[in-house]
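Biologist: Before we use any label for a part of this chain, could we go through the reasoning behind each one, setting every value against the rule it has to meet?

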Amino acid sequence: MRKKGLNRREFLKLTGAGSLAAAAAGTLGGGLTFPRGVWAATPAVKGPIKIGYQAILSGTLAGYGEFHKMGVLMAMEEINAKGGIAGQKVEVEVRDSTLKADEAIKNARYFVDSWGADFLGGIDSSGQALALAPVMAQLDRVLMVTHAATEKLTEDFVYKKGIKQIFRDSMPTYNDGHAAAFIAKDIPAVKWANVGPKYEYGFTCWKMFQESLKGLKPSVQFVAESWAPFGTTDFRSHINTIMDAKPDALYSTEWAGELISFVKQAREAGLFQKIKHVVLPVGAAMDVLEGLGKEMPDNIWISARYFFQYPNNKENNDWVARFRKRWNHYPAYVSETGYSAIYAFKAAVEKAGSKDTKAVIAALEGMEMNSPAGHRVFRKEDHQAIYDVPWGKTKADPKYPFKVMGNMRVIPAKEYFNRPPFEGPGTQPPFK
């Protein structure tokens with residue numbers, strides 16, 4: 001006669017705990033600060049978990065979209081191989097955002113209204129992010145921004161207007177503006193000039209850089225600035241404007257293909273022989289380093305929102321090795337932020353025991369997670385992820401066909417991030 005009750009095999013079969021246990025076994029590096037897997041999952045989580053992701057997949061910046069996809073799809077594959085999110089399969093659909101605000105809004109509405117997305121991710125353009133923020137309140141889905149850098153997204157729309165559906169796991173303008181000034185204060189230069197993109201990102205970063213550097217080093221002067229419209233390919237007039245001003249140092253937030261063009265043309269014009277100190281906050285992006293190769297000058301200060309050589313620990317090094325094996329490529333910063341966004345959704349759903357937007361928001365607020373980029377904390381006030389990124393001076397390394405970082409320096413993010421409540425004395429760097 002059979003004994004009453006379930007044996008272990010029957011229990012696992014009935015509850016599906018076998019696949020959930022597999023999910024629990026796989027953590028993102030050092031893991032999170034709350035339970036994972038079978039003990040966190042509840043029957044309230046119904047699958048599949050659908051994530052709609054958009055990035056630039058056409059035009060001159062299409063490479064960024066491909067780098068996004070590499071990270072996102074790799075995360076999806078890993079998570080599904082280990083049991084999914086709370087035991088449910090993850091599905092990702094990636095669409096081209098272009099750079100138009102209405103295209104980003106159309107994609108978001110498609111993901112939610114037609115495809116049935118539980119979560120959204122991506123966005124390269126700050127203008128698109130700002131346009132999407134009120135739409136996300138209407139759609140009531142969490143959007144994890146993985147690239148667009150404007151601080152106004154989190155400070156104005158999340159903190160001030162209370163649109164809680166927006167989070168960001170990538171570096172905002174603080175690193176490109178404030179942190180660049182922390183690097184510049186130790187450079188033996190007084191007269192600074194700027195070549196920047198002629199839209200909000202360029203204007204905001206230059207303003208932050210000037211204000212912070214002046215606070216750190218009151219003797220500095222800002223002698224020239226030149227603004228290049230989006231899509232500029234000929235930088236000769238901008239280069240001449242800067243060289244005519246005879247600055248000691250140059251700051252530029254040009255990025256992607258435009259930065260490649262600028263550096264190549266500046267080399268031809270002899271700019272780097274005449275201006276010895278150069279700071280490029282987005283110069284460590286993989287598309288820039290690979291695009292320039294040996295043409296990138298040595299001893300240029302560069303940074304990015306993630307760089308594959310930092311942190312130099314097992315978690316990041318193993319991830320870079322897996323990424324190279326999967327894609328035959330070094331990860332770009334949007335590869336890491338896209339990858340970590342999917343794991344952030346996994347962590348939040350399993351903590352909340354639900355896909356419900358309100359519950360996931362509560363789980364994400366203040367959440368800490370380990371990732372290839374290091375330890376991240378999502379600020380409760382504005383949903384901005386805080387983590388540290390490196391700066392370094394370009395140098396050749398025989399192991400790589402492009403320049404990498406030497407003289408690496410890491411400024412703790414808490415030293416240059418705007419502080420809640422973001423207004424009034426002591427809320428912006430340099431802090432007293």
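Biologist: Which residue in β7 is the bridge partner of K191, and how do you know that β6 and β7 count as paired?

Modeller: In this predicted model, K191 has Q221 of β7 as its bridge partner. Two strands pair if there are at least two bridges between them, and β6 and β7, which run parallel, are joined by seven bridges; therefore they count as a pair.

Biologist: What makes the crossover from β6 to β7 right-handed or left-handed?

Modeller: The test is to look with the strands pointing away from the viewer and to follow the path from the first strand over the helix to the second, which must run clockwise to be right-handed. Here the chain goes from β6 through α8 to β7, and this β-α-β crossover is right-handed.

Biologist: How do you know that the length of α8 agrees with that of a helix?

Modeller: Helix α8, residues 200–216, has 17 residues, which at 1.5 Å a residue should span 24 Å, and because its end C-alpha atoms are 24 Å apart, the two values agree. Among the buried residues of α8 are Y201, W206, F209 and L213, and what covers its buried residues includes α6, α7, β6, β7 and β8.

Biologist: In what order do the strands of the open sheet stand, and what makes β7 and β15 its edge strands?

Modeller: The order of the seven strands is β7-β6-β8-β9-β10-β14-β15, with mixed pairing. The strands β7 (221–228) and β15 (404–410) are the edges, as each of them pairs on one side only. On average, neighbouring strands of this sheet are turned by 20° against each other, direction ignored.

Biologist: How do you know that β14 and β15 are paired, and in which sense do they run?

Modeller: Strand β14, residues 390–395, shares five bridges with β15 in the antiparallel sense, and at least two are needed, so the pairing holds. One of the bridge partners can be named: T394 is matched with M405 in β15.

Biologist: Which helices lie across strands of this sheet, and at what angles do they run?

Modeller: Helix α7, residues 173–184, lies across β6, β8, β9, β10, β14 and β15, running at about 65° to β14. Helix α9, residues 236–245, lies across β6, β7 and β8, and its angle to β7 is about 170°.

Biologist: Why is S126 called buried?

Modeller: The limit for buried is under 20% relative accessible area, and S126 has 13% relative accessibility, so S126 counts as buried. S126 belongs to helix α5, residues 126–139, and, not counting residues up to four places away in sequence, S126 touches A148, A149 and T150.

Biologist: Turning to β1, what makes this strand mostly covered?

Modeller: Of the seven residues of β1 (49–55), seven are buried. In a regular strand the side chains alternate between the two faces of the sheet. In β1, I49, I51, Y53 and A55 point one way and K50, G52 and Q54 the other way, and all are buried.

Biologist: Which strands does β1 pair with, and how do you know?

Modeller: Seven bridges join β1 to β2, residues 90–96, and four join β1 to β3, residues 119–122; both counts meet the requirement of at least two, so both are pairs. The strands run parallel in the pairing with β2 and also in the pairing with β3. A55 stands opposite D96 in β2, while Q54 stands opposite G122 in β3.

Biologist: How do you know that α4 has the span expected of a helix?

Modeller: The 15 residues of α4 (101–115) should span 21 Å at 1.5 Å a residue, and because the end C-alpha atoms are 20 Å apart, this agrees. The buried residues of α4 are A104, N107, A108, F111, V112 and W115, and their cover includes β1, β2, β3 and α5. Just after α4, G116 takes a positive phi of about 80°.

Biologist: Finally, which residues have the most contacts inside the largest nonpolar core?

Modeller: That core has 120 residues, and those with the most contacts inside it include W192, F209, L250 and M286. Helix α14, residues 333–352, gives the most to this core, with eleven residues. A second, separate core of 23 residues includes A104, L120, L143 and L153.

Conventions: Residues are numbered from 1 along each chain as its sequence is written. This is a predicted model: local features need pLDDT of at least 70, side-chain atom pairs count only at pLDDT 80 or more; totals for chains, interfaces and linings use all residues. Side-chain values use heavy atoms; hydrogens and water are left out. Axes are lines fitted to C-alpha atoms, for helices over the stretch in contact, and angles run from 0 to 180 degrees between N-to-C directions. Contact means heavy atoms within 4.5 Å. The expected span of a helix is 1.5 Å times one less than its number of residues. Buried means under 20% relative accessible area, exposed over 50%, partly exposed in between (1.4 Å probe, protein chains only). A nonpolar core is a set of buried Ala, Val, Leu, Ile, Met, Phe, Trp, Tyr and Cys residues joined through side-chain atoms within 4.5 Å.
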